[in-house]
Amino acid sequence: MHRKNYAIIVAGGKGLRMGGGVPKQFLPVGGEPVLMRTLKVFHEADGDMDLILVLPKDQQEYWQQLCDEYRFSVPYRLTSGGETRFHSVQNGLALVPDDAEGVVGVHDGVRPFVSVEVIRRCYDAAREHGAVVPVIPVVETVRQLLPEGDSLTVDRSLYRLVQTPQTFRIPLFKEAMRQPYQPGFTDDASVVEHLGHRISLVEGNRENIKLTTPSDIRYAEFLCS
């Protein structure tokens, strides 16, 4: 029986909204590729954690060149991405032993500013509750779109913005990920929720943004300064 913790870092983006030809997970931020920053913070949170990186097959050679160039030394295992995020996570989860009894987290590779505290909070809570997502409050006013073009303001205190890592007891997540893929599986928690398991919420950190647009990269540079 293995009680080790695991992190599946999913980095399948092609960076189309960024412009240019370099996928966003490889763009330098603060002098270092985004994906390296992400792997480093998980290693800092738990030096014994088994890190599993999921990358598209056609990006792996370039990633290895970057690792050589930057002398990247954080230990990790590499596997290939699938047709969808769900299938990419399945590929990563296949590297976690079936008899493992620890916690597995799934994290977006382009969220390099998750804090060490949030990572540890997610893993600790998942050991107790089984399935956990980090969230932050909605600070903007939210309007719901109605039929025929109408809209109305909703109570934003009833909503939260979801981040990663989403963490789960390994046997629970293994069971959930054996379900057939459905378009409604918008994140990892939704897969577990479909199994009938309750999702617990913990506090995230507002800097833990998903780098998607050029303005996100500018903000990331600010966070590094």
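This is a short chat about a helix, a hairpin and a loop residue in a predicted model.

Student: What kind of model is this, and how are residues numbered?
Tutor: It is a predicted model: local features need pLDDT of at least 70, side-chain atom pairs count only at pLDDT 80 or more, and totals for chains, interfaces and linings use all residues. Residues are numbered from 1 along each chain as its sequence is written, and side-chain values use heavy atoms, with hydrogens and water left out.

Student: Which residues of helix H3 are buried?
Tutor: In H3 (residues 85-93), Phe86, Ser88, Val89, Gly92 and Leu93 are buried. Buried means under 20% relative accessible area, with a 1.4 Å probe and protein chains only. Helices here are DSSP runs of H or I, at least four residues; strands are E runs of at least two.

Student: Where do those buried residues fall, seen down the axis of H3?
Tutor: They fall within an arc of 160°, so they line one face of the helix. The arc is taken from the directions from the helix axis to the C-beta atoms.

Student: What do they pack against?
Tutor: Their partners include strand S1 (6-10), strand S4 (50-55) and helix H5 (170-176).

Student: New topic. How do S8 and S9 pair?
Tutor: S8 (residues 142-145) and S9 (residues 151-154) pair in the antiparallel sense over 4 bridges. Pairing needs at least two DSSP bridges. Leu145 stands opposite Ser151.

Student: Which residue in that hairpin takes a positive phi?
Tutor: Glu148, near 65°. The hairpin has 5 residues between its strands.

Student: Is Asn208 buried or exposed?
Tutor: Asn208 is buried, with a relative accessible area of 1%. Asn208 is in the loop between S12 (200-203) and H7 (214-224).

Methods:
Buried < 20%, exposed > 50% of the residue type's maximum accessible area, 1.4 Å probe, protein only. Contact = heavy atoms within 4.5 Å.
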